[in-house]
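Work through the exercises below with the sequence and the model open. Each task is followed by a solution in steps.

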Amino acid sequence: MSKRTYKSGASKRKAAKDAEKELEKIPKLSTYFALQSNVQVQAHETDSASSNESYPEISRSASSEVEGEASCSTKQTVTDIPAAAGKEVSESEPLTDDPGDWPSIISDRQVCDIVACGPPQQNESYEFPFNEERRRFTSTHFYRTMANDEKIRCSWLMYSVQKDAIFCFCCKLFGTGDIPLRRGTSAWKALSKRLQQHETGKGHQDCMVKWFDLRSGIVNRTSFDQLELQAFLKERDFWRNVVKRMVDVVIFLSERNLAFRGSNEKLGDPSNGNFLGLFELLAKYDTVLSELLQRIKKAETHVQYLSPQIQNELIQLVASNIQEANIAQLKKAKYYSVILDCTPDVSHEEQLSMVLRFVECNGEDGVNIREAFVGFLNVHDTTGEGLLEAFLEKANNLGIDIADMRGQAYDNGANMRGKNKGVQARMLEINDRALYVPCGAHTWNLVISDAAKSSKYAIDFFSLINRIYVIFSSSPSRWDILQEHMPISVKGLLETHWESRIDAVKPLRYHLEELCNALSSLREYALEKKDGNTATEAGALLDPYHMAFCSDCVHVVRYTISCQ
Ligand SMILES: [Zn+2]
């Protein structure tokens, strides 16, 4: 049986949990180096990390008893350690000159304060009291005698008058464990030797390093935290600037209805689309994007803000922001009207486009009629009921009050305008002030189309116009023949645009003779190319009956126009 070589999900989760616990145990850097507000560092940094997080021993051995006869109880004061940590809480008062008076738990703020001020002054002239063994501390202990008899002051050594005990400054602030000089000692026997041992001990030296590091950080106002913070802020600003530029690119492309993506996502490739292309163009002149491009090239960053997913996310965010702004303006205007239109998209899904119109009154800018496109709603039920339901749901999501609607405008589809079951009729049942106005252009198109279909002459005429358009537009060489003879081109008919009929009639009205010449040339050209079908069709169109008919129709059109 093959042995499993990878970890199971459960063991991975356990390992992650253990690693998290281990991480929690590690003292935070800010514990050592956080600066206090009076050295121009934000107060929350010092507040967030408390000394007892990194030195749990301090709180556990909080009895603060002094060795030997000089046993005493340290005055328990409150520090700023959060109660949630399960440790005692005391005030962040400045520490006194007497280390015997210091609380068992010293907050970061207090550490920073006392390090900034330096250790309490050693009072050499003080009359140090004798203990029961007739021993006492002497001021000579404040000095260490070097091999060359030179005396060096032990600035770390502190004497507590109150407790008649000595403490080590740095071990008291930064030390861990049960060190006598951290808790304080009044055992004066063989003190010189013990002080020397303490001074050369690794624990003490580590604490000295922490003390000096913090002190230099405070003096230079550049603690490690601060440098790290600056680096963090710089990085944050960089990415904010990147996102700002990406958002601008998204707005630029969206405003112009340009496609974002190309056929690939490779930087440097001309087919990578408009989004990446614009990014590359801007990177030539903009330091922020140029830095991002360099980082990507050097594989220094996995974060790019350039992927299609991010593009989509940015589009969504920009869209929702624009929509929010539009809806806010609409609510300010209070009354509005709605335009709905349904059409299938390329994937044959029925989409309901929704536009809201309202009047915006800005003091200085005057009055503007605003038209806000809200979006496409996917609809499966295209009956009046289904469309109304889709609209009401969207309106509800946007927080628009249907009672404030004063107008509705749709095309003449039965599902929209139907007087019993159409959207407009159903809407009027909800709000009888939402006046329905049918789309003017659509109504015109219906009128013209129906009129054109009502006469067999008109049907024949428009069919002839379309045949002329089709025969010339089916190849570039035929189109060239047309342009050689006519100053304007022929137009086809569009079923949904009533104006297209007028546009299609114009070439015949003004250039009938030129058109006949173009058809003759096309016939000859087709015969040369041995294209019988085209030659026959061109010949048929040149039929005197057709041309006479066209001429008659054009006269009618001329007369109609001149009568207007
Ligand atoms: Zn020490």
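**Exercise 1. Backbone at two loop residues**

Task: State in which loop Ala190 lies, and give the sign of its phi. Then do likewise for the loop and the phi of Asp164.

Solution. Ala190 sits in the loop between helix H8 (180-183) and H9; helices (H or I, at least four residues) and strands (E, at least two) are DSSP runs, numbered from the N terminus. The model is predicted: local features need pLDDT of at least 70, side-chain atom pairs count only at pLDDT 80 or more, and totals for chains, interfaces and linings use all residues. Residues are numbered from 1 along each chain as its sequence is written, and side-chain values use heavy atoms, with hydrogens and water left out.

Phi of Ala190 is positive, about 50°, although Ala190 is not a glycine. Most residues other than glycine have a negative phi. Asp164 belongs to the loop between strand E3 (157-160) and strand E4 (165-168). Its phi is near 50°, again a positive value in a residue other than glycine. Asp164 is also buried, with a relative accessible area of 15%; buried means under 20% relative accessible area, exposed over 50%, partly exposed in between (1.4 Å probe, protein chains only).

**Exercise 2. H9 against H10**

Task: Describe how helix H9 (residues 191-200) and helix H10 (residues 202-220) cross, and classify the contact residues.

Solution. Step one is the geometry: the two axes come within 5 Å and cross at roughly 60°. Axes are lines fitted to C-alpha atoms, for helices over the stretch in contact, and angles run from 0 to 180 degrees between N-to-C directions. H9 is therefore oblique to H10, on a scale where angles under 35 degrees count as roughly parallel, over 145 as roughly antiparallel, 65 to 115 as roughly perpendicular and the rest as oblique.

Step two is the contact (heavy atoms within 4.5 Å). His198, Glu199 and Thr200 of H9 meet Lys202, His204 and Gln205 of H10. By class there are no nonpolar, four polar and two charged residues. Here Ala, Val, Leu, Ile, Met, Phe, Trp, Tyr, Cys and Pro count as nonpolar, Asp, Glu, Lys and Arg as charged, and the others, Gly among them, as polar.

**Exercise 3. H12 against H13**

Task: Repeat the analysis for helix H12 (residues 273-285) and helix H13 (residues 287-297).

Solution. Their axes come within 6 Å and cross at roughly 115°. H12 is therefore roughly perpendicular to H13. Phe279, Leu282, Ala283 and Tyr285 of H12 touch Thr287, Leu289, Ser290, Leu292 and Leu293 of H13. This contact of H12 with H13 has seven nonpolar, two polar and no charged residues.

**Exercise 4. The sides of H20**

Task: Which residues of helix H20 (residues 476-485) are buried, and which are exposed on the other side?

Solution. The buried residues of H20 are Arg478, Ile481 and Leu482. They lie on the same side of H20 because they cover an arc of only 100° around the axis, the arc being that of the directions from the helix axis to the C-beta atoms. Pro476 and Glu484 are exposed on the other side of H20.

**Exercise 5. The whole chain**

Task: How many helices and strands does the protein chain have, and what percentage of its residues count as buried?

Solution. The protein chain has 23 helices and nine strands. Of its 564 residues, 39% count as buried.
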